[in-house]
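User: I have a model open and would like to understand the labels people put on it. Could you walk me through them?

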Amino acid sequence: MRWALVGASTIAAEHMLGALRGAGQEVAVVQSTTATRAGEFARAHGIPAFGTDLDLILSDRGIGAVYISSTNEKHHDQALAAIAAGKHVLCEKPLALAVDQAAEMVAAAKAKGVTFATNHHLRCSGSHRTVRDLIAGGRIGRVLSLRLFHAVHLPDHLRGWRIDNAAAGGGVIPDITVHDADVARFLLGEDPVSVVAQMTASGMGQGVEDSVMSVWTMPSGAMVMAHESFTHPCAGSGLEVHGTEGSIFAAGVMTQQPVGEVALVTAKGRDLIPYPAHDLYGQAVQDFLAAVAGQGRPAADGPDGVASLAVALAVRQAARTGARQTVN
Ligand code: NDP
């Protein structure tokens with residue numbers, strides 16, 4: 001397919017362009033809100049066309065799909081425009097700033113009959129898929145708890161709107177908690193019914209939170225604990241799933257790279273579990289293309305993106321109010 005990139009972004013430059021091209025896709029045009037940035041991005045990445053007028057780009061019937069990686073407040077309108085133009089849409093997380101907006105995007109795609117996906121890359125990793133399979137295969141028994149460690153150090157070049165622009169969807173909760181919500185949904189096959197949380201600005205956030213801790217109540221009774229931050233240079237990332245018959249320790253796996261270690265600990269001892277080390281974003285594109293071809297579903301579809309946003313926004317509301325927040 002021929003693709004349009006909506007947003008001259010870092011994630012497009014660092015991961016998605018390569019993933020699309022690696023899957024044999026043609027990136028035909030990039031759209032940005034400023035012509036200079038669009039032009040610079042197109043030249044730097046060998047994209048033949050660029051522009052600022054999204055409707056004009058979408059009017060090209062030769063464009064089959066759109067990848068949206070603009071700032072978060074733009075995703076909703078851009079996705080609706082792309083869907084209305086009959087394009088398949090791979091949209092960055094968070095899908096929108098409000099759950100009803102995200103649901104509207106998903107409903108529009110369904111009505112139009114186009115594929116709509118959320119770019120939750122972590123469920124594309126071999127490590128997360130292996131952890132999910134271990135749980136589903138009963139290797140740790142009944143799940144008692146999940147601990148998500150996702151406190152990172154935001155690199156210099158990403159310290160823009162994320163840390164100081166609430167209107168653009170800044171803050172660690174829409175940035176990282178939304179991913180962790182999808183990890184829990186992917187691994188456990190359920191979403192929290194309610195959450196409690198605390199958040200703070202611990203050195204980077206200006207008007208938005210840069211750190212948050214939350215505890216989620218799951219329908220099964222399992223407990224989930226999540227920690228996300230922009231300000232932790234040496235914390236390392238990972239997840240632990242503890243069950244009645246064993247525990248899974250996945251260290252260093254909350255990342256964009258196919259790295260980290262998955263260990264299964266049971267009464268028999270500790271085993272390192274091998275997993276496929278494919279590119280996460282390449283897998284996301286492959287799954288998306290299969291869905292477009294009617295063979296399967298995207299790695300994370302529209303309802304997945306709505307669900308992860310609902311959890312993230314509930315966490316923020318719980319942290320704001322100090323009260324338990326129902327997820328809806
Ligand atoms: P960037 O800040 O790199 O880009 C986002 C937008 O900011 C661009 O589309 C562009 O807007 C604008 N922009 C870019 N450079 C400049 C500049 N120098 N001055 C002013 N504006 C600029 O964001 P990211 O790539 O980090 O994130 C984009 C989206 O992707 C977000 O929704 C984020 O949540 C998501 N993301 C997802 C990841 C994943 O693994 N799934 C990882 C990282 C990000 P425009 O082109 O419209 O002018």
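User: Which residues are linked in a network of salt bridges?

Analyst: The network joins R123, D182, R185, D191, R297, D301 and D304. A salt bridge here is a side-chain nitrogen of Lys or Arg within 4 Å of a carboxyl oxygen of Asp or Glu. The structure holds 17 salt bridges. Before we go on, two notes on the source: this is a predicted model, where local features need pLDDT of at least 70 and side-chain atom pairs count only at pLDDT 80 or more, while totals for chains, interfaces and linings use all residues. Residues are numbered from 1 along each chain as its sequence is written, and side-chain values use heavy atoms, with hydrogens and water left out.

User: What makes R132 and D133 a salt bridge?

Analyst: Their closest N and O atoms are 3.4 Å apart, and the limit is 4 Å, so the pair qualifies.

User: Why is R132 called partly exposed?

Analyst: Buried means under 20% relative accessible area, exposed means over 50%, and partly exposed is in between (1.4 Å probe, protein chains only). R132 has 29% relative accessibility, so the label is partly exposed. Its partner D133, at 46%, counts as partly exposed too.

User: How do you know that E240 and R147 form a salt bridge?

Analyst: The closest N and O atoms of E240 and R147 are 2.9 Å apart. This pair links distant parts of the chain: E240 is in strand β11 (residues 238-243) and R147 in strand β7 (residues 143-151), 93 residues apart. As for the names, helices (H or I, at least four residues) and strands (E, at least two) are DSSP runs, numbered from the N terminus. E240, at 14% relative accessibility, counts as buried, whereas R147, at 32%, counts as partly exposed.

User: What is the N to O distance between R316 and E209?

Analyst: The side chains of R316 and E209 meet in a salt bridge at 3.1 Å. R316 belongs to helix α10 (residues 302-321), and E209 to the loop between β8 (194-200) and β9 (211-217), 107 residues apart. Both R316 and E209 are buried.

User: Why does C91 count as buried?

Analyst: C91 has 0% relative accessibility, so it counts as buried. C234, in contrast, counts as exposed because its relative accessibility is 76%.

User: How many disulfides does the structure hold?

Analyst: Zero. C91, for one, is in no disulfide: the nearest cysteine sulfur, that of C124, is 15 Å away. A disulfide is a pair of cysteine sulfur atoms within 2.5 Å.

User: Why is one side of β14 left without a neighbour in the sheet?

Analyst: Nine strands form an open sheet in the order β14-β13-β12-β11-β7-β10-β9-β8-β15, with mixed pairing. β14 and β15 (325-326) stand at the edges, each with a single partner strand, so one side of each has no neighbour in the sheet.

User: What makes β13 and β14 count as paired?

Analyst: Two strands pair if DSSP finds at least two bridges between them. Four bridges join β13 (residues 261-266) to β14 (residues 269-272), so the pair qualifies. The two strands run antiparallel and form a hairpin with two residues between them. T266 has G269 in β14 as its bridge partner, and L264 stands opposite D271 in β14.
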